[in-house]
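I opened a notebook page for this structure and kept the entries in the order in which I looked things up.

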Amino acid sequence: MFSRLVHDSCYGASIAINGLLIYLIAAKTPSYLRCYSLVLLYLSIVQLTTAASSLIVFKKVLSTSSYYIDSVDGVCSIWSSPSICLVFDAV
């Protein structure tokens with residue numbers, strides 16, 4: 001349960017910080033830095049997408065002495081189709 005709390009807190013903070021960063025890039029970048037701001041905007045959008053998909057999917061790896069089991073849990077597990085979780089996990 002503690003690992004889930006840390007997971008959700010970190011990715012929630014990442015979504016908030018990247019959202020703020022996107023706003024600052026779009027609204028406050030001077031005109032002479034527009035080319036560089038596009039690179040920053042692209043990276044921020046990628047990180048925002050990754051954080052959102054990781055927040056939806058909580059992946060656990062359970063191991064034994066002979067094999068590993070991947071378990072997908074999280075918000076996506078309450079939806080009717082389990083393949084949606086795999087799509088978000090692939091992102």
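The entries below cover the helix pair, some residues in and between the helices, and a surface patch.

Entry 1, model. I am working from a predicted model, and I read every value below as computed from it.

Entry 2, helix packing. I looked up how α1 and α2 sit against each other. The two pack at an angle of about 155 degrees, and their axes are 9 Å apart. The cut-off for roughly antiparallel is over 145 degrees, so α1 and α2 count as roughly antiparallel to each other. I also noted the handedness: α1 passes α2 in a left-handed crossing.

Entry 3, the loop. I checked what joins the helices. α1 covers 2-28 and α2 covers 34-56, and Leu33 sits in the loop between them. Leu33 has a relative accessible area of 35%, so I logged Leu33 as partly exposed.

Entry 4, Asp8. I found Asp8 in helix α1. Its relative accessibility is 28%, and I recorded Asp8 as partly exposed. I then took a C-alpha distance from Asp8 to Ser54: the separation is 8.8 Å, although their positions lie 46 residues apart along the chain.

Entry 5, Ile25. Is Ile25 buried or exposed? Ile25 is in helix α1, and its relative accessible area is 7%. Buried means under 20%, so Ile25 is buried. From Ile25 to Ser44 I have 9.5 Å, C-alpha to C-alpha, for a sequence separation of 19 residues.

Entry 6, Leu40. I placed Leu40 in helix α2. Leu40 is partly exposed, at a relative accessible area of 33%. The C-alpha atoms of Leu40 and Ile22 are 8.5 Å apart, with the two residues 18 apart in sequence.

Entry 7, surface patch. Which residues form the nonpolar patch on the surface? I listed Tyr32, Leu33, Tyr36, Val39, Leu40, Tyr42, Leu43 and Val46. Together they have about 820 Å² of accessible area. Leu33, from the loop, and Leu40, from α2, are both among the patch members. Patch membership needs over 30% relative accessible area; I have 35% for Leu33 and 33% for Leu40.

Key
Residues are numbered from 1 along each chain as its sequence is written. This is a predicted model: local features need pLDDT of at least 70, side-chain atom pairs count only at pLDDT 80 or more; totals for chains, interfaces and linings use all residues. Side-chain values use heavy atoms; hydrogens and water are left out. Patches are made of residues with over 30% relative accessible area and no salt bridge: like charges are joined within 9 Å, nonpolar side chains (Val, Leu, Ile, Met, Phe, Trp, Tyr) within 5 Å. Accessible areas come from the Shrake-Rupley method with a 1.4 Å probe; for residues, only the protein chains shown count as cover. A salt bridge is a side-chain nitrogen of Lys or Arg within 4 Å of a carboxyl oxygen of Asp or Glu. Buried means under 20% relative accessible area, exposed over 50%, partly exposed in between (1.4 Å probe, protein chains only). Axes are lines fitted to C-alpha atoms, for helices over the stretch in contact, and angles run from 0 to 180 degrees between N-to-C directions. Angles under 35 degrees count as roughly parallel, over 145 as roughly antiparallel, 65 to 115 as roughly perpendicular and the rest as oblique. A crossing is left-handed if the near helix is turned anticlockwise from the far one by less than a right angle, and right-handed if clockwise.
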